[in-house]
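Good morning, and thank you for the time at this meeting. Please keep the sequence and the structure in view while I speak.

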Amino acid sequence: MIEKLDVLKARRAVFSGRVWKIIVESQGNSWETWIVYGPKMKTCHIVVPGKHCDCLDFLFNVIIRRKKCACYHIIAQKMAEAQGKYQTVVLKEEDFVEVLITQKLKGNITIWSMPRQRLQP
Ligand SMILES: [Zn+2]
């Protein structure tokens with residue numbers, strides 16, 4: 001189930017350019033990850049498309065209570081990718097690691113266990 005309020009919040013995030021695709025370059029290869037910033041750009045959440053987000057809403061309402069199948073960050077990532085409305089940032093692996101550690105130290109990132117449900121297409 002997807003909540004209306006989450007769809008609205010997701011639309012706002014996409015519209016205000018808070019969905020970023022991070023391309024991480026590592027030893028001649030690259031891989032990508034997604035970040036959705038909060039309304040004030042102070043917090044950010046790492047989104048594994050359709051599968052995972054590190055926010056509390058995802059932990060409580062998706063993993064524990066199973067009330068819904070996605071938080072608004074996951075919906076925002078999906079919308080942004082579908083509409084091509086996201087910012088692309090290319091980072092070297094060491095810089096990405098630095099970003100992760102900085103955010104982790106600020107308490108903005110927590111990796112929860114993987115959920116059993118998946119976002120329906
Ligand atoms: Zn989330």
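I shall go through the sheet, then the core, then one helix, and finally one loop residue. Please bear in mind that this is a predicted model.

Let me begin with the sheet. It is an open sheet of 5 strands in the order 4-3-2-1-5, and its pairing is mixed. Strand 4 and strand 5, the latter covering residues 87–92, are the edge strands, each pairing on one side only.

Within this sheet, I would like to follow strand 3. Strand 2, residues 29–37, pairs with strand 3 in the antiparallel sense, over 4 bridges. In this pairing, Val36 stands opposite His45 of strand 3. The two strands form a hairpin with 6 residues between them, and Met41 in that turn has a positive phi of about 60°.

On its other pairing, strand 3 meets strand 4, residues 52–53, again in the antiparallel sense, with 2 bridges. Here Val47 has Cys53 in strand 4 as its bridge partner. This hairpin has 3 residues between its strands, and Gly50 takes a positive phi near 70°.

Why can we call strand 3 largely enclosed by the rest of the structure? Of its 5 residues, 44–48, 4 are buried, and therefore the strand is largely enclosed.

I turn now to the core. As a general background, nonpolar side chains tend to be buried together in soluble globular proteins. In this model, the largest nonpolar core has 22 residues, and those with the most contacts inside it are Ala13, Val19, Val36, Cys71 and Ala76. At least two residues each come from helix 1, strand 2, strand 3, helix 2 and helix 3. Helix 3 gives the most, with 5 residues.

Val19 deserves a closer look. Leaving aside residues up to four places away in sequence, its contacts include Trp34, Val36, Ala76, Ala80 and Tyr86. Ala13 and Val14 are also among the residues that Val19 touches.

That brings me to helix 1, residues 4–15. Does its length agree with expectation, or disagree? At 1.5 Å a residue, its 12 residues should span 16 Å, and its end C-alpha atoms are 16 Å apart, which agrees. Its buried residues are Asp6, Ala10, Ala13 and Val14. Viewed down the helix axis, the buried residues fall within an arc of 95°, so they line one face of the helix. Strand 1, strand 2 and helix 3 are included in what covers them. The face turned away from the buried side carries the exposed residues Lys4, Leu5 and Leu8. Just after helix 1 comes Gly17, with a positive phi of about 70°.

My last point concerns Cys69, which lies in the loop between helix 2 and helix 3. Is Cys69 buried or partly exposed? It has 18 other C-beta atoms within 10 Å, and so it counts as partly exposed, since a buried residue would need 20 or more. Cys69 and Ile2 are 67 residues apart in sequence, yet their C-alpha atoms are 6.4 Å apart in space.

Thank you for your attention.

Key
Residues are numbered from 1 along each chain as its sequence is written. This is a predicted model: local features need pLDDT of at least 70, side-chain atom pairs count only at pLDDT 80 or more; totals for chains, interfaces and linings use all residues. A residue is buried if 20 or more other C-beta atoms lie within 10 Å of its own, exposed if 12 or fewer, and partly exposed in between; C-beta atoms are placed from the backbone. Two strands pair if DSSP finds at least two bridges between them. A nonpolar core is a set of buried Ala, Val, Leu, Ile, Met, Phe, Trp, Tyr and Cys residues joined through C-beta atoms within 7 Å. Two residues are in contact if their C-beta atoms, placed from the backbone, lie within 7 Å. The expected span of a helix is 1.5 Å times one less than its number of residues. The arc is that of the directions from the helix axis to the C-beta atoms.
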